[in-house]
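Me: I am in my first year, and I would like to take a slow, careful look at a single part of a protein structure. Please go through it with me in one connected answer.

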Amino acid sequence: QVQLVESGGGSVQAGGSLRLSCAASGYTYGTYSGYSWGWFRQAAGKEREEVATIYSYGRSTYYADSVKGRFTISQDNAKNTLYLQMNSLKPEDTAMYYCAAVHVSSDNVRNVDYWRRFGYWGQGTQVTVSS
């Protein structure tokens, strides 16, 4: 059973920066790299959306158009921690941010419903950006 714990959220003014962290534990030794890892967010009244992900095979990264050039996803394998560096924050970035891990094929890696059904999720960390 994989456990994920997010931290680093908070309130910031537009143009500011935050770094989210997601500490992972509980997976079988040697399987860490087999997971794809991602950050998702859900604003009030909206669907959960993919923000940035690292696909397990080839370690390719994906960013939603709305965050390209501003957010960076990364991992520290020695610390079993996933990060999301968020710069130039905008009010529309306000949401609950979740990290997730899942075994997934290329056919489903962009499928948020797949992640929700089969992935491991943290409890979320709130990011609020004021104008």
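Which residues form a disulfide here, and how far apart are their sulfur atoms? Please start from that pair and then show me the parts of the chain around it.

Reply: Please keep in mind throughout that this is a predicted model. The residues that form the disulfide are Cys22 and Cys99, and their sulfur atoms are 2.0 Å apart. A pair of cysteine sulfur atoms counts as a disulfide when the two are within 2.5 Å, and by this rule the count comes to one disulfide. Cys22 lies in strand S3, which covers residues 18-25, while Cys99 lies in strand S9, which covers residues 95-102, so the disulfide ties together parts that are 77 residues apart in sequence. If you turn the model until you look at the S-S bond of Cys22 and Cys99, you can also follow its twist: the torsion about that bond is about 50°, so the disulfide is right-handed. Both Cys22 and Cys99 are buried.

Let us begin with the strand that holds Cys22. Strand S3 belongs to an open sheet of four strands, whose order is S1-S3-S8-S7 and whose pairing is antiparallel. In general, the strands of a sheet pair through backbone hydrogen bonds, and they can do so in a parallel or an antiparallel way. The edges of this sheet are strand S1 (3-7) and strand S7 (71-76), each of which pairs on one side only. Averaged over the sheet and with direction ignored, neighbouring strands are turned by 15° against each other. On one side of the order, S1 and S3 run antiparallel and are joined by five bridges, and along this pairing Leu4 stands opposite Ala24 in S3. At the other end of the order, S7 and S8 also run antiparallel, and six bridges join them; here Ser74 stands opposite Tyr83 in S8.

The turn that links S7 to S8 deserves a moment of attention. The hairpin of these two strands has four residues between them, and within it Asn80 takes a positive phi near 50°, although Asn80 is not a glycine. This residue is partly exposed, with a relative accessible area of 26%.

From strand S8 (81-86) the chain goes on through a loop to S9, and Asp93 is found in that loop, as is Ser88. Ser88 has a phi near 50°, again a positive value in a residue other than glycine. The accessibility of these two loop residues can be set side by side: Ser88 counts as partly exposed at 41% relative accessibility, whereas Asp93 is buried, with a relative accessible area of 1%. Leaving out residues up to four places away in sequence, Asp93 touches Arg41, Arg70, Phe71, Ser88, Val127 and Val129. With one of these, Arg41, there is also a polar contact from side chain to side chain, at 2.9 Å.

After this loop we arrive at strand S9, where the other cysteine of the pair, Cys99, lies. Met96 lies in S9 as well, and Met96 is partly exposed, with a relative accessible area of 25%. Apart from its neighbours within four places in sequence, Met96 is in contact with Phe40, Arg41, Gln42, Gly124, Thr125 and Gln126. Arg41 therefore appears in the contacts of Asp93 and in those of Met96, where contact means heavy atoms within 4.5 Å. For a sense of distance, the C-alpha atoms of Met96 and Gly15, which are 81 residues apart along the chain, are separated by 18 Å.

Finally, we can step back to the whole chain in which this part sits. Its secondary structure comes to one helix and 11 strands, and read along the sequence the pattern is β-β-β-β-β-β-β-β-β-α-β-β. Among the contacts between residues at least 6 apart in sequence, 59% join residues at least 24 apart. Buried residues make up 44% of the 131 residues. Along its principal axes, the C-alpha trace spans about 45 × 30 × 25 Å. The protein chain has a radius of gyration of 14 Å, which agrees with the value near 14 Å that a compact globule of 131 residues would have.

Notes
Residues numbered from 1 in each chain as written. Predicted model: local features only at pLDDT ≥ 70, side-chain atom pairs only at ≥ 80, totals over all residues. Heavy atoms only, no water. Buried < 20%, exposed > 50% of the residue type's maximum accessible area, 1.4 Å probe, protein only. Polar contact = N/O pair within 3.5 Å; in protein donor to acceptor, adjacent residues only side chain to side chain. Pairing = 2+ DSSP bridges. Axes fitted to C-alpha atoms, helices over the stretch in contact; angles between N-to-C directions. Rg over C-alpha atoms; globule rule 2.2 N^0.38 Å.
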